Amino acid sequence: MAHSQFDLLRQRRFLPYFVVQALGAFNDNVYRQAIIGLLAYMAVDSRQMGLYANLAPAVFILPFFLFSASAGQIAEKLEKHKLIVITTSMEIAVMSLAAVGFLLQSMPVLLVALFGTGLQSTLFGPVKYSILPSVLKPEELTGGNGLVEMGTSVAILLGMIYGGAVFQLAGDHGPQLAAASVVLLAIAGNTLARRIPKVDAGDPGLKVDWNILRESWRIWQLTRRQLAVRNAVLGVSWFWFVGTVLTAQLPVYAQANLGGTQALYIFALALFSVGVGIGSISCEKLSSRTVEIGLVPLGAFGVSAFLLDLYFARPGQALAHGLSVLEFVHVPGSWRIMLDLTGIGVFTGFFVVPLFALIQSRTPRNELARVISGMNIQNAMFIVAAALIGLALQRILGWTIPQVFLALAIANTLVALWIFTIVPEFFMRFLSWLLVRTLYRVKLHGIEDHVPDEGAALLVCNHVSYMDALILSASIPRPMRFVMYYKIFDIPVLRWIFRTARAIPIAGARENPEIMQRAFDAVDAALAAGELVCIFPEGALTKDGQIAPFKSGVEKILQRAAARGQDVPVVPLALRNMWGSMWSRRSASAESGRLGRMRLPRRLRAHIEVVAGAPIPGTQASAALLEAQVRALRGDAA
């Protein structure tokens, strides 16, 4: 049965939460844009307008520095449904104060309320992302995060459009419409929040430390415990840096370089936002419902490529001014700019969605809210840095906006290369994802039901091709340690991938007993640490497409674990339709030589399947039983 992330929008465990977070993003932007509309309605001078333009972002982001540490602890300690109801109730109070500000046309009151919206966002942020692993299955994390990012980006865009149009729509009744809008939206969010199912607290016994500096340092350190999580958090912060620099330039870029008006700025922002939405919801399909961090390098380099093209698309000043959106669309070269802005958004979605899914899947549940809070502190720092750097490049160095785009493209490439050098798992997964998606069309059966979400397990599978390990790693959400024949482990190019994936090379007892013993020790240590380990008990690639008898090494692994008091479940897997595909051996009667061992021309983009069976307790498993299970799963589909 085909699965779709959009099925989540029909389920109570996800839909109310999705709508609440989207309404929150929508209301925040309605409010901020309505303040700009009020300033225009009040006909304030450019000096006051400039003061607000610089003061408002600082007022909104200040609570992230001051209260993220406390917010993370509170989100860890409280039941999540209760906390969402509290924060949305707080939104009603804040927006009621904002309504007073609109009605009195008082900027001080509106700025105090803006600080309140920042505080409310600070409290909501940790629960917004930490709730997902509790309500979604591991294979749904990428799709769920994609929907959240899509919903957020579209809500922000629509909020800006509506908020900017409030005073144009209502005229002299603009303050009243703005006041009513923000309050009614807050009430709607709170009402829907009460429909969210209860979700247990991550750590109900946590003692909250109200010392802001001390706890901020502690939760930031939590983001750095695991190398992959640390750099995923860094990647998310860099996403905010790039997004801040880009969107901050769009208003002036639309006017000075595209010759447009405010409407053209909204159009440019819409292209970027829609692109983010498309990229975000495409991640599940591209990743085959796994947490596929191989999309992160693709996203990073795609963003750089489109930013670079945006620099060359139209450097310098536009020849015409005051263009409407329709007039701009008919200008020669406009489609290239539109494609670049959309492309940046699409690849931004590819970049950020797997990072959120990785953070959620690799962080312990009782630490996740605090890790998200630590990430929010870092995000705020990157946003401030982006605003200051963008301002300095133009005001001090005198760079044009296309030059800023060029610098951003170069910086994005360098940062991406640096991250992928520190954590080669990102780039390794990209190569694996690219190879598997290029060479095969993979269909999965039983992975979600039978491969455990956490804890140790031994996976056993038939061995058909040199690509088996990469196919399995691309099919199973959790990271795995593969035990593979040491000569396959040493294949050029693939060797780097296998080593980065912490594969375990093994040799036969007669070939190299030392390598074999090291392999058994490494497998036992991995299982003791609660990891997944995958082995190919046949001991070699099939030469004729048939499954060879399973060797007794699997029994030795299970016996060692049992001697330590650990009953390791064994999950049988079968690769179907792999025989005759690329990188599998030919039958004995086929032509000899290197090409004779590969079905290079005949089965490119082969339709293959990965099938998982029900786990078998390690104390009951034997080589013969597991062989029979794998044979049954594979059937006649060699």
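These legends describe close-up views of cavities and of two loop residues in a predicted model. Residues are numbered from 1 along each chain as its sequence is written, and side-chain values use heavy atoms, with hydrogens and water left out. Because the model is predicted, local features need pLDDT of at least 70 and side-chain atom pairs count only at pLDDT 80 or more, while totals for chains, interfaces and linings use all residues.

**View 1. The largest cavity and its lining.** The structure holds four cavities of 30 Å³ or more. A cavity is a set of points, on a 1 Å grid over the protein atoms alone, where a 1.4 Å probe fits but cannot get out; lining residues have an atom within 4 Å of a point. The volume of the largest is about 70 Å³, a volume being the space filled by probe spheres set on the points, which are joined across faces, edges and corners. Its lining consists of Trp238, Phe239, Val242, Ala300, Val303, Thr348, Phe351 and Asn412. Two or more lining residues come from each of α9 (227–256), α11 (295–313) and α13 (334–362); helices (H or I, at least four residues) and strands (E, at least two) are DSSP runs, numbered from the N terminus. With three residues, α9 gives the most. Six of the lining residues are nonpolar, two are polar and none is charged (Ala, Val, Leu, Ile, Met, Phe, Trp, Tyr, Cys and Pro count as nonpolar, Asp, Glu, Lys and Arg as charged, and the others, Gly among them, as polar).

**View 2. The second largest cavity and its lining.** This cavity has a volume of about 60 Å³. Among the residues that line it are Asn231, Gly235, Val296, Leu355, Ile419 and Phe426. Trp238, Phe351 and Asn412 line the largest cavity and also belong to the lining of the second largest. At least two lining residues are supplied by each of α9, α13 and α15 (401–422), and α15 has the largest share, five residues. The lining divides into nine nonpolar residues, three polar and no charged.

**View 3. Glutamine 105, a residue with positive phi.** Glutamine 105 sits in the loop between α3 (80–104) and α4 (107–130). Its phi is near 55°, a positive value in a residue other than glycine. Glutamine 105 counts as partly exposed because its relative accessibility is 33% (buried means under 20% relative accessible area, exposed over 50%, partly exposed in between, with a 1.4 Å probe and protein chains only).

**View 4. Asparagine 577, a residue with positive phi.** The loop between β6 (570–576) and β7 (606–612) contains asparagine 577. Although asparagine 577 is not a glycine, its phi is positive, about 65°. Its relative accessibility is 24%, so asparagine 577 counts as partly exposed.

Definitions and conventions: On a 1 Å grid over the protein atoms alone, a cavity is a set of points where a 1.4 Å probe fits but cannot get out, and a pocket is an open set with protein on both sides within 12 Å along at least five of seven lines; lining residues have an atom within 4 Å of a point.
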